[in-house]
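Here is a walk through a two-chain model, taken one chain at a time and then at the contact between the chains. Keep the 3D view open and follow along.

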Amino acid sequence: MTMTLPYHRVNVLTGTKAARIIEDPSEYAHLIKRASRPLLVLGPRILTMSLGERLLAEYAVEIAKAADIPICATAHTQKKLLELGVQPASNYDLIEIINHLKDPEWRGVKKEGNHDLVIFLGVRTDLGEQGLSTLKHFAPHLKTMTLCKYYYPNASYSLPNFRKDEQWKEFLDKLIENLKTKEA
Amino acid sequence: MKVVEKKRTRKDEVYKVIKADDKWEPIGHTPMPEIPDLRNWDLRLLKTYKPFYAPFCDLCCFCTYGKCDLTGDKRGACGIDISAQQARIVLLACCMGMSAHGGHARHVLHYLIERLGPDYKINLGDQILVEAPHIRTVLGMKPETLGDLEKVMEYAESQLIQCVSSLHTGQEGSALDYESKALHISMLDHVVMEVADIAQIVGFGYPTSKADTPLVGLGWGAVDRTKPVILLVGHNPVTAVPIVDYLNEHGLADKVEVAGICCTALEVTRYSERAKVVGPLSRQLFFVRCGIADVIVTDEQCIRTDMPIEAAKVGSALIATSEKVCYGLEDASKKAVDEIVSDMLNHSKQVLILDPEKAAEVAVRVALGLAPKRNKVLVKPEEVPELAKGHRLCNMCSQVCPNLLPVGDAIEAAKNGNIQPLVEVFEKCIGCGKCEQECPRHVPIFKMMQAAASWEEWKIRAGRGPIMDTEIRKVGAPIVLGTIPGVIAIVGCSNFPEEIEEIAEIAEEFAKRKYIVVLSGCSAMVAGMKKDKEGKTLYEKYPPDFDAGGIVNVGSCVANAHITGAAIKIANIFATLPLRGNYEVIADYILNRVGACGLAWGAYSQKAASIATGCNRLGIPVVVGPHSSKYRRLYLSRKEEDDWTVMDGREKKLVDTQEPSPEHLITVVESKERAMVTLAKLCIRKNDTPQGRQIKLTHYIGLHKQYLGTLPDDLHLYIRRASDIPIFFKKEVTAYLEKVGWKEKPVLSLPTLIGTYPSEVPIDAVVH
């Protein structure tokens, strides 16, 4: 078996438990839909990265709306999300939300119970990997998923390293499409 | 076992070292503490601020049982789990950091005692009577001579052995106890930093008891490359000072440039205002590869471990001067100066010289001999496309960049004549050189950066050492009452996540808001590397006083002890609490009353780990940048869930304050905007008066609205009574409080943790 390397080599895994790479947007959509209480955690790279004509933040909002997922706006992302007409359910910073997620008894951002699937988008990859490491080791009660264009070894489910942004855009477009479709 | 005779007890030994008969203050409960003595204080802190672990590696490879997989709930062959292993690595880092500062202190002390004698008096000037707040508080000793500082070192070293020994396989098994040891050794890090800087100040005659130290040249553009250039790299001034002396004694001071990178630069500019600060650690490899230095003199810490290779590449001579960094070079310490100079000039020999005066003479003579033969022409922007012509966009450079920068795209643009992306990459570059190493087509990326870098000259105020007692008298009350909203200490290395200008932006934001801004190390340098429209740097624009709106450079890494020392002095000079062996009381005072917060935005080193952890034991929270998640451990609370009960020291009763202040002891944030909001919040203390709380909340709300767009969603937790509501935001805050069903909270007369955990310290000890 060949080892998959993350795009940024500082994130190379020194361990035995690595993410499952999923390239099929319908499978990602299925995992999200299957979750009882998913959470979308957004980092500041959604404010600076664009896909085609659209800011990544706009994709984030569309994903959240498509699957009715509450948002945790980390760093200074909240301001832009408000401008886009979205009220985040929570404004914890990245490390703070991860610290809460570790606790299986935590009541979650909507006070309905802890989340069973946490989806990350727009966090810098090294910080994201560290946060995912915490959840991998200390939060066996939940699964993690990444939507950035890189492979995250410490996640439960990760995208592969997309060589071209067009591939990533196509994945996100199809993911949104799948999320909007009701499953049988 | 037969006990023959009762020997001297440890207490006897301690009292002898601290000269207990000298009754300058009553002796507290923990003079010269050992690992268990402050353990309960640590466990109390860690009850509220629980360790948060982010493993950087899932395996343990410390012993031959391994590699052991510690993923999840697995244990290693020795029985250790992933949490204890993370705490163990944190302790290891803190021991490294403390020993680096301690090694520096030892070297300086040896050098000075050899020349000045052990009885040489410590005198920090007429404005500083509390000369050593850490040594007084931790050891219970008032050091009077350089010889006394040696006793401090002996104690610190004995503790280091105990802590390092606990790292061995089959020793400590508790994460919390590893954390307690990390807090212990990091407390001592501040002690040894204090030793180092006091020794330097008195031994080398650095400025002291003054705020307006000289403004000195800053930036690689400040170095006159038409002159012979000696570049000092590292932290220790023991060779830098004799170089300046040699130049002065031989009438060469204006004929040779002395410049430094990293903390030696800050040290040498405290000794000579002619010297230049090239810049922070992140500019080391860039500047060395520019070839401007004729002679490179290395001392210790944060210097390139491949310096012999890099110096040889550009034809710079190299002299290593520290036993800690010998580089495999021949020890020429006992050779005649003429012979060494000849070897270096005629045979390009690199040498180790452990005699500082000899190293100084060699450095100057080699610089004078070598400079006329060397060509120091820099790359011009129009030459960049030619240098980049071999580039193919494989992006290997981007993939290995520890700061995740799009280096490949920038090189590609430069190849096509657009240098701007390379300028932007340079601004964020941490200077490791991995991009160039990885390039399969050998594109000279660092050479191209010569054209991308600004060659502007900036100004930095020379490091001033301790905060003066007179300044503490003036600001002690406003800080404790909250009317000066806080002290923001911007410290640490240059592993910044974004542009280096962010440090200046953050410093200015808080200076404008009338916080006291204190800087040290590489952060103090980059704070000066930005000019306003009138061409002024922060150091030219803001007063150098430890007062509201001041911007203070205390000096190098070891001068960090003066920042934490200022917090201790507030407890002593303003609140009249005795320091002597009274650590718990002082730390408790700072945690609950002194609104100080550190920012180590680019922390990378083990020294930064011990500095921050030492702040934490003393009750000072620290905010760190995203790279610092790789330190593996934070101390976090959960504001809504945790118990915020403290003791009211005057009433002697437990009070549930429901107020998470300070919310965390050390936390990572990802963006400068969030950092500013977090810093403002972490300056809130339970002791704030209503007026002080209003001021602090005005800044917290203002920054939150500015960068996050709304009122803070935890605002209700920080408003005790209606009188805490900031007038400027009264209407919207009142509406918010009504919406969330806010109720008044208890107000304490004297908040303290003493009495909430097992301790020999009586509650009355905190009443002043």
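**From the smaller picture to the contact**

Start with chain A, which holds six helices and eight strands. This is a predicted model. Read from the N terminus, the elements of chain A follow the order β-α-β-β-β-α-β-α-α-β-α-β-β-α.

Now its overall dimensions. The C-alpha atoms of chain A fit a box of roughly 45 × 40 × 40 Å along the principal axes. The radius of gyration of chain A is 15 Å, and a compact globule of 184 residues would have one near 16 Å, so the two agree. Burial comes next. In chain A, 52% of the 184 residues count as buried. Contacts reach along the sequence too. Take the contacts in chain A between residues at least 6 apart in sequence: 65% of them join residues at least 24 apart.

One helix of chain A deserves a stop. How many of the residues of helix H4 (residues 94–101) of chain A are buried? Eight of its eight residues are, so the cut-off is worth stating: a buried residue has 20 or more other C-beta atoms within 10 Å of its own. The list of buried residues in H4(A) starts with A:Leu94, A:Ile95, A:Glu96 and A:Ile97. It goes on with A:Ile98, A:Asn99, A:His100 and A:Leu101. A glutamate, an asparagine and a histidine are thus listed as buried beside leucines and isoleucines.

Turn to chain B. It contains 28 helices and 22 strands. The radius of gyration of chain B is 26 Å, while the globule rule gives 27 Å for 768 residues, so chain B is as compact as a globular protein of that length. Its C-alpha trace spans about 80 × 70 × 60 Å along the principal axes. Of the 768 residues in chain B, 59% are buried. For contacts in chain B between residues at least 6 apart in sequence, 76% link residues at least 24 apart.

Chain B is divided into domains. Domain 1 covers 10–204, domain 2 covers 220–373 and domain 3 covers 381–452. The centres of domain 1 and domain 2 of chain B, taken over C-alpha atoms, are 32 Å apart. Their contact uses eight residues from domain 1 of chain B and 10 residues from domain 2 of chain B. On the domain 1 side, helix H3 (82–116) and helix H6 (175–204) of chain B each give at least two residues. H3(B) provides the largest share of that side, with six residues. What classes of residue make up the side of domain 1 of chain B that touches domain 2 of chain B? There are four nonpolar, four polar and no charged residues.

Within domain 2 of chain B, look at a strand. Strand E5 (residues 229–233) of chain B has five of its five residues buried. In a regular strand, side chains alternate between the two faces of the sheet. On one side of E5(B) sit B:Val229, B:Leu231 and B:Val233, on the other B:Ile230 and B:Leu232, and all are buried.

E5(B) has partners. It pairs in the parallel sense with strand E6 (residues 257–261) of chain B over five bridges. There, B:Leu231 stands opposite B:Ala259 in E6(B). E5(B), helix H7 (residues 240–249) of chain B and E6(B) form a right-handed β-α-β unit. E5(B) also runs parallel to strand E8 (residues 295–298) of chain B, joined by four bridges. In that pairing B:Val233 has B:Thr298 of E8(B) as its bridge partner.

Further along chain B lies a second pattern of pairing. Three strands of chain B, in the order E20-E19-E22, form an open sheet with antiparallel pairing. Strand E20 (653–656) and strand E22 (751–752) of chain B are the edge strands, each pairing on one side only. Strand E19 (residues 645–648) of chain B joins E22(B) in the antiparallel sense over two bridges. B:Asp648 is set opposite B:Pro751 in E22(B).

Last, bring the chains together. The contact takes 34 residues from chain B and 33 residues from chain A. Elements of chain B that each supply at least two residues to its side include strand E1 (50–53), helix H14 (396–400) and strand E18 (633–636). Strand E21 (666–668), helix H26 (672–681) and helix H27 (690–708) of chain B do so as well. By class, the side of chain B that touches chain A has 17 nonpolar, nine polar and eight charged residues.

Key
Residues are numbered from 1 along each chain as its sequence is written. Chains are lettered from A and ligands numbered from 1 in the order in which they are written. The radius of gyration is taken over C-alpha atoms; the globule rule is 2.2 Å times the number of residues to the power 0.38. A residue is buried if 20 or more other C-beta atoms lie within 10 Å of its own, exposed if 12 or fewer, and partly exposed in between; C-beta atoms are placed from the backbone. Two residues are in contact if their C-beta atoms, placed from the backbone, lie within 7 Å. Domain bounds come from an automatic or database domain assignment. Ala, Val, Leu, Ile, Met, Phe, Trp, Tyr, Cys and Pro count as nonpolar, Asp, Glu, Lys and Arg as charged, and the others, Gly among them, as polar. Two strands pair if DSSP finds at least two bridges between them. A crossover is right-handed if, with the strands pointing away from the viewer, the path from the first strand over the helix to the second runs clockwise.
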